[in-house]
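Student: I would like to go through the reasoning behind the labels used for this model. Please show it to me.

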Amino acid sequence: MSDYIKTTEQIELMRQAGKILAEAMDQVSLIAKPGVTGDELDRIAESVIRDHGAEPAFLGYQGYPSTICLSVNDGLVHGLPVGQTLKEGDLAGIDLGVRFKGWNVDSANTLAIGKISVDDHDLLKAARQALVSGIAQVKDGVSLGTVQAAIQKVIDDGGYGLVRSLSGHGIGKQLHEYPSIPNFGQINQGPKLKAGMTICLEPMLTAGTDKVKTAADDWTIVSADGSQTAHIEHTLLVTSQGAEILTNWQEHEG
Ligand code: MF3
Ligand code: CO
């Protein structure tokens, strides 16, 4: 596991990558309104990333054709921005990856487009709270199961569908590295976090079933029952004090 501990220099590059990602996410979030297309969001993200001398990390990843993933309503993750137009009441999941000087960061947020329903608002709140609860457990020496259990508790207590077939992950030179970090687990179980590790926590939940399926476009992962979904993700640095959020975009209230 020591391979996954980043040096001070590597951490600094990931910090810079994280600042670029946060800027791209902020710009995308600011323009994400009813009538805006996925292509427009994708273009803004790509230009912010390239203007900072970085590259979109998802573009070309396993053949992925875009800079962002745009996963709307029952779309949970890996939605294609092309051909989509946002409308009032949508839950728009924006997922972004940035590679800077060979180092990756990855982050997602689910945005309320215009006025959303009370149920959708509660779902978003639960997703945020699940991520916040997980982050609060992250610290050198803590077992990953403790972090995972904190995420799970919020999702289970809210009565939401906890998607088990997709997980958070380590990150660095590769977008997905050891360890895999499911959104469920047991306190004090699993590998221990070490200062200098960089990980992505990404709760994925639905208002209904815990089952997902791949849509006809062969990319978008949707809830199996068509229920609304939410996904939020940050890249974190593990320290002896806790977690440093490397992808610290601003919260936008819909
Ligand atoms: N953020 C996604 C994840 O952690 C990565 C998107 S991969 C792509 O799994 F293929 F959709 F680009
Ligand atoms: Co991720």
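Tutor: This is a predicted model. By class, the shell of ligand 1 holds 5 nonpolar, 3 polar and 4 charged residues.

Student: What makes a residue part of the shell around ligand 1?

Tutor: A heavy atom of the residue has to lie within 4 Å of the ligand. The residues around ligand 1 include Phe58, Tyr61, Tyr64, Cys69, His78, Trp219 and Glu233.

Student: Why is the pair formed by Asp95 and ligand 1 called a polar contact?

Tutor: A side-chain N or O atom of Asp95 is 2.8 Å from a nitrogen atom of ligand 1. The cut-off for a pair of N or O atoms is 3.5 Å, so the pair counts. Asp106 has a polar side-chain atom 2.9 Å from a ligand 1 nitrogen, and His169 has one 3.0 Å from an oxygen atom of ligand 1. Of the 340 Å² of accessible area that ligand 1 has on its own, the protein covers 93%.

Student: Which pocket does ligand 1 take up?

Tutor: The space taken by ligand 1 is the largest pocket.

Student: How do you know that Cys69 and Cys200 form no disulfide?

Tutor: The sulfur of Cys69 is 13 Å from that of Cys200, its closest cysteine sulfur. A disulfide needs the two sulfur atoms within 2.5 Å, so this pair is too far apart for a bond. The structure holds 0 disulfides.

Student: Why is Cys69 called buried?

Tutor: Its relative accessible area is 3%. Buried means under 20%, so Cys69 qualifies. Cys200, with a relative accessible area of 0%, is buried by the cut-off of 20% too.

Conventions. Residues numbered from 1 in each chain as written. Chains lettered and ligands numbered in written order. Predicted model: local features only at pLDDT ≥ 70, side-chain atom pairs only at ≥ 80, totals over all residues. Heavy atoms only, no water. Polar contact = N/O pair within 3.5 Å; in protein donor to acceptor, adjacent residues only side chain to side chain. Areas by Shrake-Rupley, 256 points an atom, 1.4 Å probe, with all protein chains shown as cover. 1 Å grid on protein atoms, 1.4 Å probe; cavity = no way out; pocket = protein on both sides within 12 Å on 5 of 7 lines; lining within 4 Å. Sits in = over half its atoms within 2 Å of the grid points. Nonpolar A, V, L, I, M, F, W, Y, C, P; charged D, E, K, R; others polar. Buried < 20%, exposed > 50% of the residue type's maximum accessible area, 1.4 Å probe, protein only.
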